[in-house]
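Biologist: Could we go through this structure together? I would like to begin with the way the chains are arranged and then look at a single residue.

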2 protein chains.
Amino acid sequence: MSVLKNTAELWRFDKGEALIPAGQNVDAVIVLAKGSVTNDRTWPNGKHMMTAVLRTHWPLKVHAVWDGLEAPYGLTAREECVAVFIPRSTFLGVVNNDVNLLTQVMTLICNQLRQEMIAVQMKTVFSLRCQLALYIFYHAQTSFHTITTDEMSAETVPMDVTQDEFAAMLGCSRQKVNRLMKEMEQEGIIHRRGRLVAIADPLLLMDAMEEDEPLSPELRAFIAEQRELILKKARRKTD
Amino acid sequence: MSVLKNTAELWRFDKGEALIPAGQNVDAVIVLAKGSVTNDRTWPNGKHMMTAVLRTHWPLKVHAVWDGLEAPYGLTAREECVAVFIPRSTFLGVVNNDVNLLTQVMTLICNQLRQEMIAVQMKTVFSLRCQLALYIFYHAQTSFHTITTDEMSAETVPMDVTQDEFAAMLGCSRQKVNRLMKEMEQEGIIHRRGRLVAIADPLLLMDAMEEDEPLSPELRAFIAEQRELILKKARRKTD
């Protein structure tokens with residue numbers, strides 16, 4: 001811990017600033033203390049994509065710090081951000097040679113690998129509506145760990161992910177996202193208040209997520225639990 | 001090594017047989033000794049996809065053996081196959097508690113993570129032609145490690161990947177693949193002999209791969225080296 005205290009640095013970023021650029025080596029594990037960032041990349045010909053909106057308390061760029069190769073995506077501040085930078089040398093010095101920490105890092109990287117595998121499946125065979133439902137589900141979770149339910153909390157959060165951002169994740173136009181979200185709103189799946197998107201009914205969202213294949217029994221039970229919480233909150237508001 | 005000898009099993013599979021099914025836990029690391037397999041999945045509604053044709057000597061399903069969760073893809077024999085199954089308990093027993101082996105496994109998993117990330121980028125923003133060029137490039141390599149050139153060999157192999165298989169990787173129709181490959185053949189990028197597809201000119205293939213962004217100087221130099229080898233072989237044949 002004292003090594004961390006002595007070497008970690010705290011940085012502040014304004015909206016639109018790059019915490020790290022895409023396509024370059026990363027010399028620090030980054031943990032957001034405040035704000036949110038997009039994990040994104042823009043190509044020389046103007047094509048642009050992002051994979052996710054990332055929030056506070058998640059260790060970011062661990063894999064690129066581990067293998068020392070270029071990070072395919074950069075991190076861009078979506079609002080004012082404060083981030084802790086843990087230098088690569090500190091991170092590797094602490095983790096290497098410690099079987100327990102190595103195991104934890106491997107679990108984190110495996111988790112990310114599985115998220116990427118799901119993204120590849122989505123993008124190869126799922127409809128845009130199904131993909132959007134999955135992105136909404138993931139971005140409404142408070143936890144970074146969305147592979148197994150035992151690492152997730154039943155709490156969901158309203159998202160401020162914009163239509164432009166969903167379009168950059170889906171690889172389609174903002175107009176298409178707008179049409180899909182309007183449909184979902186009319187069907188009672190989501191509701192929107194200004195920039196915020198919230199899940200109105202997790203079970204209806206699940207229907208859209210399950211277009212190709214039923215989710216696991218664990219995830220289905222978990223989503224039912226999320227629904228109970230949302231209903232309880234709604235009742236408390238009307239009481 | 002003696003633990004491996006005592007617990008590993010050798011199995012034979014006919015064309016079309018599943019070495020392991022998709023969507024289930026995997027209880028062994030698999031290494032093909034003979035033949036080739038597809039890494040694939042079919043959904044209840046008939047949708048089908050694959051990620052790659054996998055060949056001999058590559059350790060397969062390591063990440064799923066490591067984290068103990070379901071493998072999103074199964075392995076299906078494309079021809080008669082012989083495979084070594086190393087039981088999960090043996091693998092974890094040898095790897096856990098050994099910092100060097102853990103580090104090697106982590107590097108393998110990081111490598112796979114990067115391949116998935118590239119696939120996500122391809123599928124979000126690249127044209128089908130550019131994606132097909134990348135798939136052809138990867139499948140013509142003799143090495144499993146296609147992230148850094150220092151782990152690759154300059155030798156390329158003619159592929160027997162079918163149009164149906166490319167279609168399952170790209171998420172498009174076989175007809176579309178056929179049109180794209182015909183175009184590439186006319187442009188001198190590839191040539192076809194029966195089922196086999198070979199790279200005719202690596203530099204022309206590179207042009208198609210670089211649609212969005214120049215490759216790294218290392219990869220460009222490496223591809224030039226592959227071209228030299230191909231030209232040398234062609235000269236030897238005409239001599």
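The conversation below turns first to the two chains and their interface, and then to one residue.

Modeller: Please keep in mind that this is a predicted model.

Biologist: Understood. What turn lays chain A on chain B?

Modeller: A turn of 180° does so, with a shift of 0.0 Å along the axis and an RMSD of 0.0 Å. That is the relation of a two-fold axis.

Biologist: Do tell me about the surfaces, then. Why can one say that the copies meet through the same surface?

Modeller: Because 100% of the interface residues of chain A are also interface residues in chain B, the copies meet through the same surface.

Biologist: How many residues does each chain bring to the contact?

Modeller: Chain A brings 49 residues and chain B brings 49 residues.

Biologist: And how much area do chain A and chain B bury between them?

Modeller: The figure is about 4,400 Å², and 66% of it lies on carbon and sulfur atoms. On the side of chain A, the residues that lose the most area to chain B are Met106(A), Arg114(A) and Met117(A), which together make up 15% of what that side buries.

Biologist: How many salt bridges are found across the interface?

Modeller: There are 8 salt bridges between chain A and chain B. One of the salt bridges in the model joins the side chains of Arg41(A) and Glu213(B), at 2.9 Å from N to O. Polar contacts across the interface come to 18 residue pairs.

Biologist: Which elements of chain A supply at least two residues each to the side that touches chain B?

Modeller: They are β6 (48-54), α2 (62-67), β8 (70-71), α4 (99-125) and α6. The largest share, 19 residues, comes from α4(A). By type, that side of chain A has 26 nonpolar, 12 polar and 11 charged residues.

Biologist: Let me change the topic. Where is Met159(A) placed?

Modeller: Met159(A) sits in the loop of chain A between α5 (128-139) and α6 (163-170).

Biologist: Is Met159(A) buried or exposed?

Modeller: Met159(A) counts as buried, because its relative accessibility is 2%, and the cut-off for buried is under 20%.

Biologist: Which residues is Met159(A) in contact with, beyond its neighbours within four places in sequence?

Modeller: Met159(A) touches Ile136(A), His139(A), Ala140(A), Phe166(A), Arg195(A), Leu196(A) and Val197(A). As for His139(A), that residue is 20 residues from Met159(A) in sequence, yet the two are 6.7 Å apart in space, C-alpha to C-alpha.

Conventions:
Residues are numbered from 1 along each chain as its sequence is written. Chains are lettered from A and ligands numbered from 1 in the order in which they are written. This is a predicted model: local features need pLDDT of at least 70, side-chain atom pairs count only at pLDDT 80 or more; totals for chains, interfaces and linings use all residues. Side-chain values use heavy atoms; hydrogens and water are left out. Copies are superposed by least squares on the C-alpha atoms of residues with pLDDT of at least 70 in both. Contact means heavy atoms within 4.5 Å. Helices (H or I, at least four residues) and strands (E, at least two) are DSSP runs, numbered from the N terminus. Buried means under 20% relative accessible area, exposed over 50%, partly exposed in between (1.4 Å probe, protein chains only). Buried area is the accessible area (1.4 Å probe) that two parts lose on being put together, summed over both. A salt bridge is a side-chain nitrogen of Lys or Arg within 4 Å of a carboxyl oxygen of Asp or Glu. A polar contact is a pair of N or O atoms within 3.5 Å; within protein, one must be able to donate a hydrogen and the other to accept it, and residues adjacent in sequence count only if both atoms are side-chain atoms. Ala, Val, Leu, Ile, Met, Phe, Trp, Tyr, Cys and Pro count as nonpolar, Asp, Glu, Lys and Arg as charged, and the others, Gly among them, as polar.
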